[in-house]
Amino acid sequence: MLEAHGLSDPGPVRKTNEDNFISDSGLQLFVVADGMGGHSAGEVASSLAVETILGFIRRTQEDAEFSWPYGIEPGLSFSGNRLRTAVHLANRRVFRAAERYDEYTGMGTTVVGALISGSRMAVANAGDSRLYLFTGGRLAQLTRDDTWAATILAAQGGANPAAPPESMRRVLTNVLGAREQADVRLSEHDLTRGDMILLCSDGLHSVVEDSAIEQAIVEAATPAEIAPRLIQLALARGARDNITAVVARYDGA
């Protein structure tokens, strides 16, 4: 029902790759996390986040006896609540590691995740890693960036804000691990046969505009072709950050 492919590249500048991802067609779980922090802390933060999310989703798939330490959100489906709890657990793990070890002080990670059940997709995000849905021949961004510029724009009802200093535009206003309680945005969406789902870090979307992403999806036939094409497109356009793309095609009824 799902064909998927994930790929990550450290880019031409950084010695380490602080991005981590999950592409698990069996669990129908897809995640991208982009870590930040001094030394190797960013890599640690994103690794802890994806490990925790994968562990909880796998456990709740195999074992009917598990706890809901963050309660239940009545407006979400069962899968939506699984993803919500998994991300909150990831936040707690990253936050506690940052508190415990001096070298990890201030570390954090963005996260964007999708969990699919039938034709319904639950989406969670914090930070500026994005999820796009390609459906009906058009690309739509389903997540909202937690950045200084995006926050001001939303507060002004979509009107163009006064131009901020370039150094402030991409400053993150929300990540996992920064606070004991995470601010996680959740939504659910219906899928139709042939839909493509793209999860990516800002190493991709900061240098490749949405129209070029859309064109790459149109021109490539499969997730295994789309993901590397997007990575190469970002590198060709001067990406200096780590770049991650996870692409899944929904082939359900």
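**Entry 1: a hairpin and its strand**

I began at the hairpin formed by β7 and β8, where two residues lie between the strands and Gly136 in the turn has a positive phi of about 60 degrees. I note here that I am reading a predicted model. Looking at how the two strands of the hairpin are joined, I found that β7 and β8 pair in the antiparallel sense over four bridges, and that Thr135 has Arg138 as its bridge partner in β8.

I then turned to the other partner of β7, which is strand β10 (residues 196–200), joined to β7 by five bridges and running antiparallel to it. Within that pairing, Leu131 has Leu199 of β10 as its bridge partner. Is β7 enclosed by the rest of the structure or not? I looked up the burial of strand β7 (residues 130–135) and found five of its six residues buried, so the strand is largely enclosed by the rest of the structure.

**Entry 2: the sheet as a whole**

I next traced the sheet to which these strands belong, and wrote down its order as β1-β11-β10-β7-β8, five strands in an open sheet with antiparallel pairing. The edges are taken by β1 and β8, each of which has a single partner strand, so one side of each is left without a neighbour in the sheet. From one strand to the next, the twist averages 15 degrees. As background, I reminded myself that strands of a sheet pair through backbone hydrogen bonds, in either a parallel or an antiparallel way.

At the β1 edge I looked at the pairing itself: eight bridges join β1 to β11, and the two strands run antiparallel. One of the positions I checked there was Ala4, whose bridge partner in β11 is Ala248.

**Entry 3: salt bridges**

I searched the whole structure for salt bridges and have 12 of them on record. Which residue forms a salt bridge with Glu3? I found Arg249, with the closest N and O atoms 2.6 Å apart. This pair links distant parts of the chain, since Glu3 is in strand β1 (residues 2–9) and Arg249 is in strand β11 (residues 243–250), 246 residues apart. I also checked the exposure of Glu3, which is partly exposed at a relative accessible area of 27%.

I went on to Arg93 and Glu51, whose side chains meet in a salt bridge at 2.7 Å from N to O. Arg93 belongs to helix α2 (residues 78–100) and Glu51 to helix α1 (residues 41–62), so the salt bridge ties together parts that are 42 residues apart in sequence. Both ends are partly exposed: Arg93 has a relative accessible area of 34%, and Glu51 has a relative accessibility of 43%.

The third pair I examined was Asp146 with Arg185, where the closest N and O atoms are 3.0 Å apart. Asp146 sits in the loop between β8 (138–141) and α3 (148–155), whereas Arg185 is in strand β9 (residues 185–190), and 39 residues separate them. Here I noted a contrast in exposure, because Asp146 is buried with a relative accessible area of 6%, while Arg185 is partly exposed at 27%. Going back to Glu3 and Arg249, I saw that salt bridges with shared partners join them and Asp251 into one network.

**Entry 4: two helices packed together**

I looked at helix α6 (residues 210–219) and helix α7 (residues 223–236), whose axes come within 9 Å and cross at roughly 145 degrees. The crossing of α6 and α7 is right-handed. On the α6 side I listed Ala212, Ile213, Ala216, Ile217 and Glu219, and on the α7 side Ile226, Arg229, Leu230 and Leu233, as the residues that make the contact. How many of the residues in the contact of α6 with α7 are nonpolar, polar and charged? I recorded seven nonpolar, no polar and two charged.

**Entry 5: two single residues**

I stopped at Gln28, which has a positive phi of about 60 degrees although it is not a glycine. Gln28 is placed in the loop between β2 (19–24) and β3 (29–36), and at 16% relative accessibility it counts as buried.

Lastly I looked up Val44, which lies in helix α1. Leaving aside residues up to four places away in sequence, Val44 touches Tyr104 and Met107. I also checked Val44 against Leu191, which is 147 residues apart from it along the chain, and found their C-alpha atoms separated by 33 Å.

Methods
Residues are numbered from 1 along each chain as its sequence is written. This is a predicted model: local features need pLDDT of at least 70, side-chain atom pairs count only at pLDDT 80 or more; totals for chains, interfaces and linings use all residues. Side-chain values use heavy atoms; hydrogens and water are left out. A salt bridge is a side-chain nitrogen of Lys or Arg within 4 Å of a carboxyl oxygen of Asp or Glu. Buried means under 20% relative accessible area, exposed over 50%, partly exposed in between (1.4 Å probe, protein chains only). Axes are lines fitted to C-alpha atoms, for helices over the stretch in contact, and angles run from 0 to 180 degrees between N-to-C directions. A crossing is left-handed if the near helix is turned anticlockwise from the far one by less than a right angle, and right-handed if clockwise. Contact means heavy atoms within 4.5 Å. Ala, Val, Leu, Ile, Met, Phe, Trp, Tyr, Cys and Pro count as nonpolar, Asp, Glu, Lys and Arg as charged, and the others, Gly among them, as polar. Two strands pair if DSSP finds at least two bridges between them.
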